[in-house]
Amino acid sequence: MAYEIEIADRTIASEELITLLAQYNMVPQLLREIIIDRAIAQITCTREEIATASQQFFKQHQISNPTEHEAWLKHYNLNHNQFQALITRKLRIEKFQQATWGNKLESYFLHRKPHLDRVIYSLIRTPEFGIANELYFRILAGEQTFAEVAREYSAGPEADKSGIVGPVDLGSLHPGLAKQLQVSQPRQIWRPMPFGEFFVILRLEKFLPAQLDKFMQQRLLKELFEGWLQEQIHQLSDADKAWMIVTRKHSQEKSTNAA
C-alpha cells in the first residue's frame, strides 16, 4: 500500500523512502533497530511501568489531556499498541540486557576491571629530552613544584590545569601510559620517558579503583549489549547486500503491480 509522509515542506512517497534509506546510509541503523525489536519482542512491562513511561512521555512532549494525545497519535500515524511499544522500548531493552547478562556481570567486571579503574595524574611534556630531564631534577630538588613547571613548560593542554589530567579510565589511555600508572604509587614521579613526539614526566596523583555499583552495572550491561548487537549485525548480510535485497524486492513488487 502506497503512502506519503510530510517533512517540512516536502512530501515523500513510500517508493522514495527506499532510495532515501540508501542515499543517507540509514540501512545499517535500520538493521540495528530491527534486531533490537526482535530481541525484545517477548519482553513485557507491568501496568505500573507503562503508566510511568506514559507520564514521562506526556511531560516531555507537553501533552496534558487525552485529546492532545489522540492528536499526537494521529499526527505520527500510530495506534495505542504502537505508542505503548514506543514509550516502553528503552525499559524493555534494559530488561533484556538484565535477563541476558545480569548473572555474568561479576565475572565480566573482574575481566574488565584493569581497564575500568580510574586515575588522576599529572603530566609534563616537552619536545626535548634535555629540557625534560632538567625539569625533572628541578622538581625533585624542590626548586619548583610540579604544577608550576607544568604551567610554564608543558606543551600540551594540561598546562592550563597545572598538569592535572583526569579522572580517566585506564582503558582510555595509551597502553604505555596506562601501564606506567598502574605500577605507580601516589605522588611518585617518573623520569622523563619518550611518548610520541614528546618526553613525558609523569606523576600519579590518585588511583580510583572501579566498583561494581549500579552505575557500573548499567555501563557493563550496555557494553555487553552493544557487543552482542554488533555480532548479530555481522552475522547478517552486510548493509550493501541487505540494501540489494530490499531494492530487488521493491522492484519485483512494482513489476507485479504494473502487470
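**View 1. Phe129 and Phe199 meet edge-to-face in this predicted model.** Let us start with Phe129, which is partly exposed, with a relative accessible area of 41%. Its partner here is Phe199, and the two rings have their centres 5.5 Å apart and their planes at 65°, so the pair is edge-to-face. Phe129 belongs to helix H7 and Phe199 to strand E6, so this pair ties together parts that are 70 residues apart in sequence. Phe199 also counts as partly exposed, at 22% relative accessibility; a residue has to fall under 20% to be called buried.

**View 2. Four strands line up in an open sheet.** Look for the strands in the order E4-E3-E6-E5, with antiparallel pairing. At the edges stand E4 (164-169) and E5 (189-195); each has a single partner strand, so one side of each is left without a neighbour in the sheet. On average, neighbouring strands are turned by 35° against each other, direction ignored. As a reminder for newcomers, strands of a sheet pair through backbone hydrogen bonds, either parallel or antiparallel.

**View 3. Strand E3 pairs with E4 and with E6.** Strand E3 covers residues 118-126, and four bridges join it to E4, the two running antiparallel. Two places to find along this pairing are Val119, which stands opposite Val168 in E4, and Arg118, whose bridge partner in E4 is Asp169. With E6, strand E3 pairs over nine bridges, again in the antiparallel sense. Here you can pick out Ile124, whose bridge partner in E6 is Ile201.

**View 4. Helices H7 and H9 pack against the strands.** Helix H7 (residues 129-140) lies across E3, E5 and E6 (198-208), and runs at about 170° to E5. Helix H9 (residues 175-182) packs on the sheet too, where it touches E3, E5 and E6. The direction of H9 makes about 50° with that of E6.

**View 5. Helices H3 and H5 cross.** The axes of H3 (residues 47-60) and H5 (residues 80-101) come within 9 Å and cross at roughly 115°. This crossing is right-handed. From H3, the residues that take part are Glu49, Ile50, Ala53, Ser54, Phe57 and Phe58. They meet Phe83, Gln84, Leu86, Ile87, Thr88, Leu91 and Lys95 in H5. Sorted by class, the contact has eight nonpolar, three polar and two charged residues.

**View 6. Five aromatic residues gather in one cluster.** The members to look for are Phe57, Phe58, Trp72, Tyr76 and Phe83. You have already met some of these names: Phe57 and Phe58 in H3, and Phe83 in H5, are among the residues in the contact between those helices.

**View 7. Trp101 pairs with Trp228.** The structure holds 14 aromatic pairs, and this view shows one of them, an edge-to-face pair of Trp101 and Trp228. Their rings are 6.2 Å apart, centre to centre, with 65° between the planes. Trp101 lies in helix H5 and Trp228 in helix H10 (residues 214-235), so the pair ties together parts that are 127 residues apart in sequence. Is Trp101 buried or exposed? At 8% relative accessibility, Trp101 counts as buried.

Conventions:
Residues numbered from 1 in each chain as written. Predicted model: local features only at pLDDT ≥ 70, side-chain atom pairs only at ≥ 80, totals over all residues. Heavy atoms only, no water. Axes fitted to C-alpha atoms, helices over the stretch in contact; angles between N-to-C directions. Left-handed = near helix turned anticlockwise from the far one by under 90°. Contact = heavy atoms within 4.5 Å. Nonpolar A, V, L, I, M, F, W, Y, C, P; charged D, E, K, R; others polar. Pairing = 2+ DSSP bridges. Phe/Tyr/Trp six-rings, centres within 6.5 Å; stacked < 30°, edge-to-face > 60°. Buried < 20%, exposed > 50% of the residue type's maximum accessible area, 1.4 Å probe, protein only.
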